[in-house]
Amino acid sequence: MSQTDNQQMIVTGAGPVGLTLALMLLRAGIAVTVLEKRDTVNLQSKASTFHASTLDLLETCGVLESMQTKGTRIDCVQYRAPDGELLSQLDFSLLKDRVRNPYRMHYEQGELTTLMRDLFVQEGGRLEFGAELASLTQDESGVTARTADGQEHRGAVLFGCDGAQSAAREAVRIGYVEKPYPGMALRLYADADMRQYLPGLSGIAYLHAGEDTCSLLEMHDCWRIVVRVPAGIPESEAMSDAWIVSRLSNLLAIEQILPEVAARDVYSARRRRALAASVGRVYLAGDALHLTNTKGGMNLNAGLHDAFAYAAAAIAFSRSGDITHLDRAAWERERVTRLQLLPRTDENIGTGSERVKRIAAISASPETASEFLAKQAMLDMLAGVPEAMVGNGGRNG
Ligand SMILES: Cc1cc2nc3c(=O)[nH]c(=O)nc-3n(C[C@H](O)[C@H](O)[C@H](O)COP(=O)(O)OP(=O)(O)OC[C@H]3O[C@@H](n4cnc5c(N)ncnc54)[C@H](O)[C@@H]3O)c2cc1C
């Protein structure tokens, strides 16, 4: 295949992962086509947490500044008892020698998708809506993708960023292992100022009462209250005022807060990993490769790490013709998924008094607190991402 052909690539899925990867490729002079089955990008409320590792990456592609407008900077995480007692507090500034942006940002996933779409299109990228990947074939020099409307697209490689039900993954018959997490999560979007009820509250806080817990997240226009719904409770019951009051009254002044809850929803989560990140010239990223519990907010962050790792490898491939750059990136992202991302999100699920005690012990020393925060910020999960894109340490792949 000629050098010119190596400059042509396909991304399936205009989600945050696909668009971020596509923008990086476009800026490196690669002719990238994004195929998206919907008629527009998905603005559904999903991820809200962006960790320091990811903020450093987003800074390198110049979007961090734009994210500040609707983003909320979070400088510390608190674990609190409902009566206001601070059980422990960990400050993200402990990461200041390891990253350029030692904080966490709360920001709607849909805002990032919109930002990336606008940049990609403004900078001349080819984004096709209503283009559902239906099948693909591969040969030694590239991939031919066919969309449901019968169009064909040819690229040297194809990145399957088409989400949990990835058609790219199906087409190359990559299987996966998965298990559902029991129960669901309920999210309340409260217009209330939560600091009125819990003075000194940080923008991310976990409230604990015995084995009971809920999370509070400050967004730029509301607070999100997230609480686990045990298995066996139907969605309609979990959404009712009566259930919400009974579930949360030992943690929060929920009866006062409820009239200020503008919206609520429930979702369930699955733990899943694809058995490989690539077959031939098809590479999987984001939800096509991994799904996790949302506690700790890691899955999209990992997907964005995938995007940056593949972008660096794809640029090296486009210049050298050496496909092993991409194969190595795929191998590393599968390894990160299996050995780091999934075990870490499993650890975060632990609730109750044991976890509170463990975190109180960790927060007692700056060294252990810093190590804990580095892991929560996923600094060790950046395998394949070039050094220059993140801060000056904390990475060991
Ligand atoms: C309630 C909730 C809260 C979450 N909170 C967090 C959080 O705080 N932090 C975090 O890191 N993660 C979080 N996540 C996970 C995060 O939302 C996902 O990991 C993220 O959406 C993955 O992005 P993606 O681009 O890989 O996939 P998607 O966002 O699913 O995008 C895939 C795109 O591909 C398109 N597509 C699908 N099939 C085809 C096809 N055949 N052809 C062409 N296009 C196709 C879809 O239409 C879609 O636009 C949360 C998830 C949920 C549900």
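This is a short tour of the ligand site and of one pocket in a predicted model.

Begin by selecting the ligand together with the residues around it, which number 30, with E36, Q109, L133, D287 and L300 as the closest. If you colour this shell by residue class, you will find 11 nonpolar, 11 polar and 8 charged residues.

Next, show E36 as sticks and look at its side chain, where an N or O atom is 2.6 Å from an oxygen atom of the ligand. Then turn to the backbone of S48, which has an N or O atom 3.2 Å from an oxygen atom of the ligand, and go on to T49, where a backbone N or O atom lies 3.3 Å from an oxygen atom of the ligand. With the ligand's own surface switched on, keep in mind that the protein covers 90% of the 1000 Å² of accessible area that the ligand has on its own.

Now select helix 1 (16-27) and helix 10 (299-320), each of which supplies at least two residues of the shell around the ligand. Which helix gives the most to this shell? Helix 10 does, with 3 residues.

Leave the ligand and move to the second largest pocket, by selecting E108, M219, H220, D221 and R224, which lie nearest its centre among the 13 residues of the lining. The space in this pocket is about 180 Å³, and its lining is made up of 5 nonpolar, 3 polar and 5 charged residues.

Finally, colour domain 1 (5-75 + 92-179 + 271-389) and domain 2 (184-268) separately: because both give residues to the lining of the second largest pocket, this pocket lies between them.

Technical notes: Residues are numbered from 1 along each chain as its sequence is written. This is a predicted model: local features need pLDDT of at least 70, side-chain atom pairs count only at pLDDT 80 or more; totals for chains, interfaces and linings use all residues. Side-chain values use heavy atoms; hydrogens and water are left out. A residue is near a molecule or strand if one of its heavy atoms lies within 4 Å of it. A polar contact is a pair of N or O atoms within 3.5 Å; within protein, one must be able to donate a hydrogen and the other to accept it, and residues adjacent in sequence count only if both atoms are side-chain atoms. Accessible areas come from the Shrake-Rupley method with a 1.4 Å probe; for residues, only the protein chains shown count as cover. Helices (H or I, at least four residues) and strands (E, at least two) are DSSP runs, numbered from the N terminus. Ala, Val, Leu, Ile, Met, Phe, Trp, Tyr, Cys and Pro count as nonpolar, Asp, Glu, Lys and Arg as charged, and the others, Gly among them, as polar. On a 1 Å grid over the protein atoms alone, a cavity is a set of points where a 1.4 Å probe fits but cannot get out, and a pocket is an open set with protein on both sides within 12 Å along at least five of seven lines; lining residues have an atom within 4 Å of a point. Grid points are joined across faces, edges and corners, and a volume is the space filled by probe spheres set on the points. Domain bounds come from an automatic or database domain assignment.
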